[in-house]
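The following exercises concern a predicted model. Please work through each task with the sequence and structure at hand before reading its solution.

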Amino acid sequence: MQRTIVAFIGGAVVTLAVLLLVGAGGKVTSPTGTAPDRYVYYPGTEALEPDEIRITACGTGLPAARRGQAASCFLFELGNGDKFLFDIGTGSMANIASMMIPMDFLTKVFISHLHTDHWGDLAGLWAGGWTAGRTVPLEVWGPSGARPDMGTKHAIEHFIQTYNWDYMTRAAKISPVPGQITVHEFDYKGENKIIYQENGVTVRSWPAIHAGDGPVSLALEWNGYKIVYSGDTTPTNWTLEYAKDADVVIHESMPMPDDMVKFYNQPPQLGIRASCGFHTCPPAFGKVMSIVKPRLAVMFHWFNEEGTRYNQYDGVRQTYDGPVSMATDMMVWNVRRDEIIERMAVSPDNAWDVPGPGRPGAPDPDFPSQNTDFILQGRFDTTEAEKQTRDAYNKKYGLNE
Ligand SMILES: [Zn+2]
Ligand SMILES: [Zn+2]
């Protein structure tokens, strides 16, 4: 960054202006200088410090996801290069993609529970990432349920079965390896139990109390930092104990009960139950934070807009006067020892996936074709129309396709 003091000294101002615009090396520079980067985060332009965590909210809203806010999804990027997705709710994949992170760095997904607003876009990461350069299988961590058919293992096995046509047809054309999902199901009853430990990173889980048994809250620990992610839950004694003194606690906070009726079309009995019964309403969120006392509390799982924002804030401030972020999609936090910076990411609507260090493997020549002779004999022959395109392509890449 260039700092320049402009002095008006008679005719010297013209010479000075020329110097400012052209610079010593002949490079044209702006006479106004460069704006500081404190306002926004441009994905892909800032290397993390070795002792820093970047958190990006890729989904902060409600199950009826809207363009302005997808459902729950948080991306954690650590200074050691590791990246983790905690939940991947409906609509969040577009926000993840706009971060322009190579797909091989987006392979670890932790699911807090199996409501679609917390894993509905796994399909987008799975199939979209497969076509966009991921070279390895996805890995999914998620809780068991009260019965085997309510657990993450059941969900992922049946996910693959549900998308069988997608899997078989892609696997016939491109490398089948990235189309696999490795599932790690852990006991939802574990209390601050380690569910992942690798490369200096530990993820712990404890039970959440929601619409049925199975949901969990998660904590990510690395380099002395602790980040807590509540998933969907009422306030719990487990969170009071295990989130204590965390750097950041990302905790759900539903819209105020009256806003559930006014904006979300809930009947009055359900509005209060959904906000304060099987979720956490803003005054309850504030009460939890007043005890846990994180460096920063982040409230998500509500639609953040002019109509709701002030009610939400007033609700929290009934019980908590500490630092709080009112999350919305594409909010970014840089977590450092001495400060936590909140900014908005400014990212392109039309981002392509960025190539990673690896290249996708070759198709499996033994994988059976999924087209029968019946369907192929209906193909209209456009060889002549394609000839110019094919010849140029083959010449450029030394192929004979
Ligand atoms: Zn839920
Ligand atoms: Zn939810």
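**Exercise 1. The sheet**

Determine the strand order of the open sheet and identify which strands stand at its edges.

*Solution.* Step 1: the open sheet consists of 9 strands, in the order β1-β16-β15-β2-β3-β4-β5-β6-β7, and their pairing is mixed. Step 2: the edge positions belong to β1 (40-41) and β7 (181-186); each has a single partner strand, so one side of each is left without a neighbour in the sheet. Step 3: as an example of one pairing, β2 (residues 53-59) and β15 (residues 331-335) run antiparallel and are joined by 4 bridges. Across this pair, I55 stands opposite W333 in β15.

**Exercise 2. Helices that lie across the sheet**

State which strands helix α4 and helix α5 lie across, and describe the burial of α4.

*Solution.* Step 1: α4 (residues 122-131) lies across β4 (83-86), β5 (108-110), β6 (138-143) and β7, and runs at about 165° to β6. Step 2: α5 (residues 152-162) lies across β6 and β7, at about 160° to β7. Step 3: α4 is mostly covered, since 7 of its 10 residues are buried. These buried residues are L122, A123, L125, W126, A127, G129 and W130. Step 4: just after α4, the chain reaches G133, which takes a positive phi of about 110°.

**Exercise 3. The zinc ion (ligand 1)**

Identify the donors of the zinc ion (ligand 1) and classify the site from its angles.

*Solution.* Step 1: H113 (NE2), H115 (ND1), H210 (NE2) and D232 (OD) coordinate the zinc ion (ligand 1) at 2.1 to 2.3 Å. Step 2: along the chain, these donors follow the spacing H-x1-H-x94-H-x21-D. Step 3: the angles among the 4 donor atoms are 93 to 164°, and the site is irregular. For reference, the ideal angle for four tetrahedral donors is 109.5 degrees. Step 4: distant parts of the chain are linked here by H113, in the loop between β5 and α3, and D232, in the loop between β11 (225-229) and α7, which are 119 residues apart. Both H113 and D232 are buried.

**Exercise 4. The zinc ion (ligand 2) and the bridging residue**

Which residues are the protein donors of the zinc ion (ligand 2), and which residue bridges the zinc ion (ligand 2) and the zinc ion (ligand 1)?

*Solution.* Step 1: the protein donors are D117 (OD), H118 (NE2), D232 (OD) and H301 (NE2), which lie 2.1 to 2.2 Å from the zinc ion (ligand 2). Step 2: their spacing along the chain is D-H-x113-D-x68-H. Step 3: the angles subtended by the 4 donor atoms are 88 to 157°, and the arrangement is therefore irregular. The upper value exceeds the limit for a tetrahedral site, which requires all angles to lie between 85 and 135 degrees. Step 4: D232 bridges this ion and the zinc ion (ligand 1), the two ions being 3.4 Å apart. Step 5: H118 is in helix α3 (residues 116-119) and H301 in the loop between β13 (296-300) and α11 (306-317), so the pair ties together parts that are 183 residues apart in sequence. Step 6: H118 counts as buried at 0% relative accessibility, and H301 is buried as well, with a relative accessible area of 1%.

**Exercise 5. Positive phi outside glycine**

State the phi value and the location of D245 and of H301.

*Solution.* Step 1: D245 has a positive phi of about 60° although it is not a glycine. D245 is placed in the loop between α7 (237-242) and β12 (248-252), and is exposed, with a relative accessible area of 58%. Step 2: H301, likewise not a glycine, has a positive phi of about 75°. H301 belongs to the loop between β13 and α11.

**Exercise 6. Cysteines**

Which cysteines are joined by the disulfide, and why is there no bond between C73 and C58?

*Solution.* Step 1: the structure holds 1 disulfide, which joins C276 to C281 with an S to S distance of 2.5 Å. Step 2: the link is right-handed, with 110° about the S-S bond. Step 3: C276 counts as partly exposed at 32% relative accessibility, whereas C281 counts as buried at 8%. Step 4: C58 is in no disulfide. The sulfur of C73 is 4.7 Å from that of C58, its closest cysteine sulfur, and this is too far for a bond. Step 5: C58 counts as buried at 0% relative accessibility, and C73 counts as buried at 0% too.

Technical notes:
Residues are numbered from 1 along each chain as its sequence is written. Chains are lettered from A and ligands numbered from 1 in the order in which they are written. This is a predicted model: local features need pLDDT of at least 70, side-chain atom pairs count only at pLDDT 80 or more; totals for chains, interfaces and linings use all residues. Side-chain values use heavy atoms; hydrogens and water are left out. Two strands pair if DSSP finds at least two bridges between them. Helices (H or I, at least four residues) and strands (E, at least two) are DSSP runs, numbered from the N terminus. Contact means heavy atoms within 4.5 Å. Axes are lines fitted to C-alpha atoms, for helices over the stretch in contact, and angles run from 0 to 180 degrees between N-to-C directions. Donors are N, O and S atoms within 2.8 Å of the metal (3.2 Å for Na, K and Ca); water is not among the atoms, so sites may look incomplete. Four donors count as tetrahedral if all angles lie between 85 and 135 degrees; four count as square planar and six as octahedral if opposite donors are over 155 degrees apart and all others between 65 and 115; anything else is irregular. Buried means under 20% relative accessible area, exposed over 50%, partly exposed in between (1.4 Å probe, protein chains only). A disulfide is a pair of cysteine sulfur atoms within 2.5 Å.
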